[in-house]
Amino acid sequence: MTPPDYEYLRKLLKDHSGLDLSADKQYLIESRLLPLSRKCGVSGIGELVQKMKGGSLSIVAQVVEAMTTNETFFFRDKVPFEHFRDTIMPELLKARASRKSIRIWCAAGSTGQEPYSLAMSLKEMGTALAGWRIEIIATDLSQEVLEKSKSGIYSQFEVQRGLPIQLLVKYFKQNGELWQISPELRGMVQHRQLNLLHDFSQLGTFDVIFCRNVLIYFDQDTKINIFGRLARAMEGDGFLVLGAAETVVGLTDVFKPFPDKRGLYRPSGARAASPQGGTLMPKIAAMAGR
Amino acid sequence: MKTCLVVDDSSVVRKIARRILEELDFQITEAEDGEQALEVCKAAMPTAVLLDWNMPVMDGYEFLGHLRRLPGGDAPKVVFCTTENGMDHISRALHAGANEYIMKPFDKDIVTAKFQEVGLVALTEQCPI
């Protein structure tokens with residue numbers, strides 16, 4: 001890949017998705033875009049760049065998608081799901097006892113492993129949730145991964161990463177080499193396409209937001225902006241769950257760490273400086289052609 | 001020291017499994033069928049057993065039944081590792097006291113994940129970029 005092509009891609013990704021690649025991520029681009037060039041029938045990354053410069057919005061969309069889609073697995077990192085079961089849900093069951101409803105947002109729902117892991121965790125709580133209305137909204141930048149999430153169909157390889165065998169037996173149905181999560185669990189998750197750079201206030205207010213391993217792609221200002229808007233999309237006594245490599249510390253005071261629970265945060269009550277309209281780059285039609 | 005008994009009639013599979021499990025800090029013993037495996041367990045219970053299903057002499061399912069009836073035989077974590085990938089086999093294995101189940105083909109990620117499930121390998125958190 002030539003340095004001008006790399007610079008072009010960096011800028012394009014920054015503008016369209018907020019993905020902020022440092023100067024040494026050529027390998028990452030190559031590992032994601034070489035398969036895409038084969039799929040598009042072009043000779044390599046140089047030719048992909050030519051097509052984008054020539055105005056191919058569909059290639060732009062596919063490049064952004066390929067660069068921002070991540071491998072994920074069921075109950076990834078385990079700890080956040082223990083927090084969910086042992087800390088978040090017990091607190092909310094008390095705090096929402098009269099309302100009996102809880103809204104959960106997976107802000108980088110990807111191919112569904114995270115929202116379905118939460119759905120399974122809820123099912124495992126059994127009768128404690130009888131009579132409760134619990135919503136799980138899964139959003140992602142990529143329509144393609146959302147379609148996969150909706151289908152709830154996973155390969156033999158995918159169901160063996162992080163999913164205890166007892167849960168596979170309990171909640172999945174086998175179809176040859178593929179496994180599909182039960183209609184009941186699929187029915188617990190709603191899917192919406194969403195770019196976190198854009199206004200998301202229409203999603204309403206949440207009690208729990210899982211926003212893991214997505215903010216790492218953004219530069220500092222963008223992170224601060226998103227934290228501010230996440231705080232406004234959350235109940236004052238809600239919970240924010242970040243990825244293992246992420247933190248709010250040093251970036252914003254709208255959330256504060258939950259004592260002794262790594263990756264878990266709560267609104268601090270501090271107000272973020274409010275950007276007009278709530279969006280960072282309202283004019284960018286991020287996923288062009290969609 | 002964590003020990004794992006690898007039971008498979010294929011020496012190639014045993015070798016691959018040994019390499020992966022040694023990297024996860026297990027000391028490995030091997031057996032070619034259920035009967036040999038049972039002898040190993042009678043001499044000294046391993047921490048874990050990675051267990052094929054279809055083998056000559058005594059298959060993995062029968063071995064598991066015998067193992068769980070031995071004194072101290074409920075202690076080892078038993079992880080099936082087999083081409084028997086149907087839900088019926090998985091359910092039977094769990095009923096018979098298996099702790100986890102790997103559907104072949106397997107790789108290091110799957111073995112690591114499954115041994116994390118049974119609590120014998122520490123969790124590693126993965127940073128996506």
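Tutor: Helices here are DSSP runs of H or I with at least four residues, and strands are DSSP runs of E with at least two, numbered from the N terminus. Just after helix α5(B), B:Gly119 takes a positive phi of about 80°. Mind that this is a predicted model: local features need pLDDT of at least 70, side-chain atom pairs count only at pLDDT 80 or more, and totals for chains, interfaces and linings use all residues. Residues are numbered from 1 along each chain as its sequence is written, while chains are lettered from A and ligands numbered from 1 in the order in which they are written.

Student: Why are α1(A) and α4(A) called roughly perpendicular to each other?

Tutor: Helix α1 (residues 3-17) of chain A packs on α4(A) at an angle of about 85°, with the axes 10 Å apart. The axes are lines fitted to C-alpha atoms over the stretch in contact, and angles between N-to-C directions run from 0 to 180 degrees. Roughly perpendicular covers 65 to 115 degrees (under 35 is roughly parallel, over 145 roughly antiparallel, the rest oblique), so the label fits α1(A) and α4(A).

Student: Which residues of α1(A) and α4(A) meet?

Tutor: A:Leu12, A:Leu13, A:His16 and A:Ser17 meet A:Val60, A:Val64, A:Met67 and A:Thr68. Contact means C-beta atoms, placed from the backbone, within 7 Å. By class, 5 are nonpolar, 3 polar and no residue is charged. Nonpolar means Ala, Val, Leu, Ile, Met, Phe, Trp, Tyr, Cys or Pro, charged means Asp, Glu, Lys or Arg, and polar takes the others, Gly among them.

Student: How do you know that the largest core lies between domain 1 and domain 2 of chain A?

Tutor: A nonpolar core joins buried Ala, Val, Leu, Ile, Met, Phe, Trp, Tyr and Cys through C-beta atoms within 7 Å. Buried needs 20 or more other C-beta atoms within 10 Å (12 or fewer is exposed, in between partly exposed). The largest core has 113 residues, and among those touching the most other members are A:Ile136 and B:Leu50. Its largest share, 6 residues, comes from helix α4 (residues 57-68) of chain A. Domain 1 (3-68) and domain 2 (79-149 + 182-276) both give residues to this core, so it lies between them. The bounds come from an automatic or database domain assignment.

Student: What does A:Ile136 touch?

Tutor: Its partners include A:Ile104, A:Cys106, A:Pro115 and A:Met188, not counting residues up to four places away in sequence.

Student: Which residues of α5(B) are buried?

Tutor: B:Ile110, B:Val111, B:Ala113, B:Lys114, B:Phe115 and B:Glu117. They pack against α1 (11-23), β4 (77-82) and β5 of chain B.

Conventions. Contact = placed C-beta atoms within 7 Å.
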